[in-house]
Amino acid sequence: MFSTRSKTAAALLCSAAIAVSASACSSSASKTAAASSTSSSSMASSTTPAAGSTSATTSSDTSTAAGSTAAFGSACSAVPTTGPGSFTGMATDPVATAASHNPVLSTLVTAVGAAGLGDTLNSAQNITVFAPANDAFTKIPAATLKSVLADKAQLTKILTYHVVSGKLTPTQLAGTHTTLEGGTLTVTGSGQSFQVNGANVICGNVQTANATVYIIDTVLTPPTS
């Protein structure tokens, strides 16, 4: 509005003075045009940071969205970078099949096979699996592990306690969840640091065709009734 009034005032001055001094009018008009240009430049300059601010927010949102689908954790480096056992390869297979290709989960795969749960897990829709890494099983005394693997009912109870309904993202992970076994487990933490009943998530947010997998460093024990 200031720029428009300036132009109008300049025009009136020019009309009044044209008979006296055409050059003065021309000078005034030039100054007004320069002022208008400066004002427009100032407005453009003030608009540019706002646009930049919007761009930065969008970039941040995109980064957050990308981060929500990326695996994280110290043990993720042990996962193969290519082939069926890689993150990309696992994403195309149902969870039991995907795990069978991943050398980090070979002991778990043996346990799932002994319990006869492969088809059950593969056919489930949208689940989250807290998958003990191989090292998690080494914390169990060898004799105890052998006994559990031979007891299908007990093994099934333990393994189904590691499965909850829904493909939980990291932002949905913290809280108490009902397991396929029927009991509940509690996840604490945030960001990229989580514990499941005290067990650490060492590679989280691993995607398979029907599940989200969080690899943990300890085998979970269902609560006794």
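This is a guided tour of a predicted protein model, with a suggestion at each stop of what to select and a description of what is there.

**The whole chain**

Begin with the whole protein in cartoon view, where ten helices and seven strands can be picked out. Of the 225 residues, 35% are buried, and the surface that the protein exposes comes to about 12,100 Å², with carbon and sulfur atoms supplying 59% of it. If you display contacts between residues at least 6 apart in sequence, 63% of them join residues at least 24 apart.

**The largest nonpolar core**

Next, select I127, V129, L159 and I215, which are the residues with the most contacts inside the largest nonpolar core, a set of 36 residues. To see where this core draws its members from, colour helix 4 (95–100), helix 5 (106–115), helix 7 (134–137), helix 8 (142–150) and helix 9 (152–160), and then add strand 1 (127–132), strand 6 (199–207) and strand 7 (211–216), since each of these elements supplies at least two residues of the core. In soluble globular proteins, nonpolar side chains tend to be buried together.

Centre the view on V129 and, setting aside residues up to four places away in sequence, you will find that V129 touches V95, H162, V163, A211, T212, V213 and Y214. Apart from this largest core lies another one, of 15 residues, whose members include F72, F130, L185 and V187.

**H162 and T128**

From V129, move to H162, which sits in the loop between helix 9 and strand 2 (163–165). Is H162 buried or exposed? H162 has a relative accessible area of 3%, so this histidine counts as buried. Its contacts, again without residues up to four places away in sequence, are T128, V129, F130, P132, I216, V219 and L220.

Now select T128, a residue of strand 1, which is also buried, in this case with a relative accessible area of 0%. Show the side chain of T128 together with the backbone of L168, and note that a polar atom of that side chain lies 2.8 Å from the backbone nitrogen of L168. Beyond its neighbours within four places in sequence, T128 is in contact with H162, V163, V164, G166, K167, L168, T212 and Y214.

**F72 and its aromatic partner**

For the next stop, select F72 in the loop between helix 2 and helix 3, a buried residue with a relative accessible area of 6%. F72 touches P170, G191, Q192, F194, I202, C203, G204, N205 and Y214, not counting residues up to four places away in sequence. A distance drawn between the C-alpha atoms of F72 and C203 should read 5.4 Å, although these two residues are 131 residues apart along the chain.

The model holds two aromatic pairs. How are the rings of F72 and F194 placed relative to each other? Their centres are 6.3 Å apart and their planes stand at 45 degrees, so the pair is tilted. Because F72 lies in the loop between helix 2 (22–68) and helix 3 (87–90) while F194 belongs to strand 5 (residues 193–196), the pair ties together parts that are 122 residues apart in sequence. Both F72 and F194 are buried.

**Strand 5 and its two hairpins**

Stay with F194 and show the side chains along strand 5, which alternate: F194 and V196 point to one face and are buried, whereas S193 and Q195 point to the other face and are not.

On one side, strand 5 pairs with strand 4 (residues 184–190) in the antiparallel sense over four bridges, and within this pairing G189 has F194 as its bridge partner. Strand 4 and strand 5 form a hairpin with two residues between them, and G191 in the turn has a positive phi of about 65 degrees.

Strand 5 also runs antiparallel to strand 6, to which two bridges join it, and here Q195 has N200 as its bridge partner. The hairpin of strand 5 and strand 6 likewise has two residues between the strands, and in this hairpin N197 takes a positive phi near 50 degrees.

**A last stop in helix 9**

Finally, select K152, which lies in helix 9. Leaving aside neighbours within four places in sequence, K152 is in contact with A114 and A115. The C-alpha atoms of K152 and A111, which are 41 residues apart along the chain, are separated by 9.4 Å.

Key: Residues are numbered from 1 along each chain as its sequence is written. This is a predicted model: local features need pLDDT of at least 70, side-chain atom pairs count only at pLDDT 80 or more; totals for chains, interfaces and linings use all residues. Side-chain values use heavy atoms; hydrogens and water are left out. Buried means under 20% relative accessible area, exposed over 50%, partly exposed in between (1.4 Å probe, protein chains only). Contact means heavy atoms within 4.5 Å. Accessible areas come from the Shrake-Rupley method with a 1.4 Å probe; for residues, only the protein chains shown count as cover. A nonpolar core is a set of buried Ala, Val, Leu, Ile, Met, Phe, Trp, Tyr and Cys residues joined through side-chain atoms within 4.5 Å. Rings of Phe, Tyr and Trp (its six-membered ring) pair if their centres lie within 6.5 Å; planes under 30 degrees apart count as stacked, over 60 as edge-to-face and the rest as tilted. Two strands pair if DSSP finds at least two bridges between them. A polar contact is a pair of N or O atoms within 3.5 Å; within protein, one must be able to donate a hydrogen and the other to accept it, and residues adjacent in sequence count only if both atoms are side-chain atoms.
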